[in-house]
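Reader: Hi! I've got a new model open and would love to walk through it with you. Could we start with a single residue and work outwards?

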Amino acid sequence: GMTKQEVKRFSIIRAIHALANPTDRRAQEAAAFEFECSRAASDQYGRAAQGILLPAEVLRNWKRDLNSADEAALFTDDFRGGDFIDVLRNSSSVMQAGARMLNGLSGDVKIPKKRTAAAAGWIATEGGPSAESEMTVGSVSMTPKTLGAHTDVTRQLLIQSSLDVEALIRDDLATSIALAIDLGALSGNPASSSGQPTGIKLTNGINTVDFGTAPDLVPTFAQIVEMETRLGEDNALMGNLAYIMGAAMYGALKTTEKATNTAQFVVEPGGTINGYRAVVSNQAAAGDAYFGNFSDLLVGMFGGLDIVVDPYTASTSGTVRVVALQSCDVAVRHAVSFCLGNDGGS
């Protein structure tokens with residue numbers, strides 16, 4: 001229930017500084033608003049925070065709408081945070097392709113699902129009975145699975161009180177968490193010891209196309225079309241349809257002709273493949289290509305982002321470790337809405 005002004009006011013830096021200095025009364029008073037928001041979020045989600053729990057409104061607005069007129073006290077002249085050189089990361093895959101997000105979940109989720117439909121039958125003789133064929137109903141389940149990311153923040157960064165530092169810490173944690181969820185949704189591990197969601201790749205019942213001995217695992221245009229055909233055969237050719245593949249495969253398909261001497265390439269003008277949107281992301285393993293209706297992929301977020309501050313691990317240098325924990329899960333509504341293409345062995 002936070003207003004736009006309250007979301008603007010929320011500072012992750014103040015919260016971190018207060019958690020890192022629990023005996024500093026001024027730091028606790030400065031972060032009173034952030035702690036109040038965390039308590040409200042804990043009540044809403046029905047669970048206690050290990051550190052400080054970020055409300056959903058804050059998570060949806062990581063980029064704060066600030067300006068020098070309203071927030072002049074936060075600006076400094078000597079810190080070039082805007083010139084910080086970040087690591088090169090994978091781009092998102094399923095998020096970019098249109099996976100459906102379920103936010104603010106608090107307990108295990110069961111979504112009813114019709115598995116088979118009732119079928120009509122012709123009546124053989126006048127006054128005879130109709131054929132009995134009932135629909136069957138099941139469910140799709142989601143249970144919280146927790147992932148974490150951490151970033152080390154130096155003492156110098158914390159005392160800068162700069163908008164650039166605020167954005168730097170937010171972006172680093174948010175991007176790390178988002179890409180981990182994205183990878184889990186694409187190709188997670190269902191083993192009970194892994195703690196990961198199953199992901200599309202290992203979901204039972206998805207369609208598959210074997211690329212065979214294609215050179216460098218680059219599919220032919222016929223194999224790309226076959227992935228679409230598999231969905232069509234299962235009445236699943238609808239919704240947010242897209243291909244996902246790595247940069248190497250996409251680059252090779254830009255020079256792969258649909259048929260010999262036609263000068264028509266698999267990657268079409270505008271970047272589409274077989275008439276559908278193509279998402280290029282190195283989240284997809286080498287040799288893997290996905291096609292599907294990504295509206296049928298559910299990503300559930302259980303509660304808010306839990307921020308835990310550790311000022312002790314690297315206390316000799318004044319560095320503070322900020323740990324972000326997020327509970328989430330992934331579910332596929334219809335396995336046949338997806339097709340995985342690879343060499344059949346990975």
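Author: Happy to. S187 is a good place to begin: its relative accessible area is 27%, so it counts as partly exposed. Keep in mind that this is a predicted model.

Reader: Which helix is S187 found in?

Author: S187 belongs to helix α8.

Reader: And what does S187 touch, not counting residues up to four places away in sequence?

Author: With those neighbours set aside, S187 touches T198, G199, K201 and Y290. There is also a pairing worth a look with Q283: the two residues are 96 apart along the chain, yet their C-alpha atoms are separated by 8.6 Å.

Reader: Nice. Let's move to another serine. Is S281 buried or exposed?

Author: S281 is buried, because its relative accessible area is 1%, under the 20% cut-off. You'll find S281 in the loop between β8 and β9.

Reader: Which backbone oxygen lies 2.6 Å from a polar atom of the S281 side chain?

Author: That is the backbone oxygen of S91. S91 also appears among the contacts of S281, along with S92, S93, M245 and G246, once neighbours within four places in sequence are left aside.

Reader: Since β8 came up, what is the strand order in the open sheet of 5 strands?

Author: The order is β6-β12-β9-β7-β8, and the pairing is mixed. At the edges sit β6 (207-210) and β8 (277-280), each of which pairs on one side only. On average, neighbouring strands of this sheet are turned by 20° against each other, ignoring direction.

Reader: In which sense do β6 and β12 pair?

Author: Parallel, over 4 bridges, with β12 covering residues 338-342. If you want to see the register, N207 stands opposite C339 in β12.

Reader: Which helix lies across β6?

Author: Helix α9 (residues 221-233) does, and α9 also lies across β7 (241-245), β9 (289-293) and β12. Relative to β6, helix α9 runs at about 160°.

Reader: Switching to the packing: which residues touch the most other members in the largest nonpolar core?

Author: V94, I244, L297 and I307 do, out of 54 residues in that core. Helix α8 (residues 163-187) gives the most to this core, with 7 residues. A second, separate core has 22 residues, including Y243, Y250, A278 and F291.

Reader: What is I307 in contact with, leaving aside its neighbours within four places in sequence?

Author: The list is I12, L19, G51, I52, L54, L173, V322, V323 and A324. One of these, I12, is among the buried residues of helix α2 (residues 12-20). The others buried in α2 are I13, A15, I16, A18 and A20.

Reader: What happens at the start of α2?

Author: A side-chain oxygen of S11 reaches to within 3.3 Å of the backbone nitrogen of I13 there.

Reader: Let's try α4. How many residues does it have, and how far does it reach?

Author: Helix α4 (residues 32-45) has 14 residues and reaches 20 Å from its first C-alpha to its last, close to the 20 Å expected at 1.5 Å a residue. G46 follows α4, and the phi of G46 is positive, near 75°.

Reader: Which residues in α4 are buried?

Author: F33, E34, F35, C37, S38, A41, S42 and Y45 are buried. S42 counts as buried because its relative accessibility is 14%. Not counting residues up to four places away in sequence, S42 touches R47, A48, A49 and L53.

Reader: Last topic, backbone angles. What is the phi of A263, and what about N274?

Author: Phi is near 60° for A263 and near 55° for N274, each a positive value in a residue other than glycine. For background, most residues other than glycine have a negative phi.

Reader: Where is the place of A263, and where is that of N274?

Author: A263 is in the loop between α10 (247-253) and β8, and N274 is in the loop between α10 and β8 as well. A263 is exposed, with a relative accessible area of 58%, whereas N274 is buried at 15%.

Reader: Great, thanks for the tour!

How values were computed. Residues are numbered from 1 along each chain as its sequence is written. This is a predicted model: local features need pLDDT of at least 70, side-chain atom pairs count only at pLDDT 80 or more; totals for chains, interfaces and linings use all residues. Side-chain values use heavy atoms; hydrogens and water are left out. Two strands pair if DSSP finds at least two bridges between them. Helices (H or I, at least four residues) and strands (E, at least two) are DSSP runs, numbered from the N terminus. Axes are lines fitted to C-alpha atoms, for helices over the stretch in contact, and angles run from 0 to 180 degrees between N-to-C directions. Contact means heavy atoms within 4.5 Å. Buried means under 20% relative accessible area, exposed over 50%, partly exposed in between (1.4 Å probe, protein chains only). A polar contact is a pair of N or O atoms within 3.5 Å; within protein, one must be able to donate a hydrogen and the other to accept it, and residues adjacent in sequence count only if both atoms are side-chain atoms. A nonpolar core is a set of buried Ala, Val, Leu, Ile, Met, Phe, Trp, Tyr and Cys residues joined through side-chain atoms within 4.5 Å. The expected span of a helix is 1.5 Å times one less than its number of residues.
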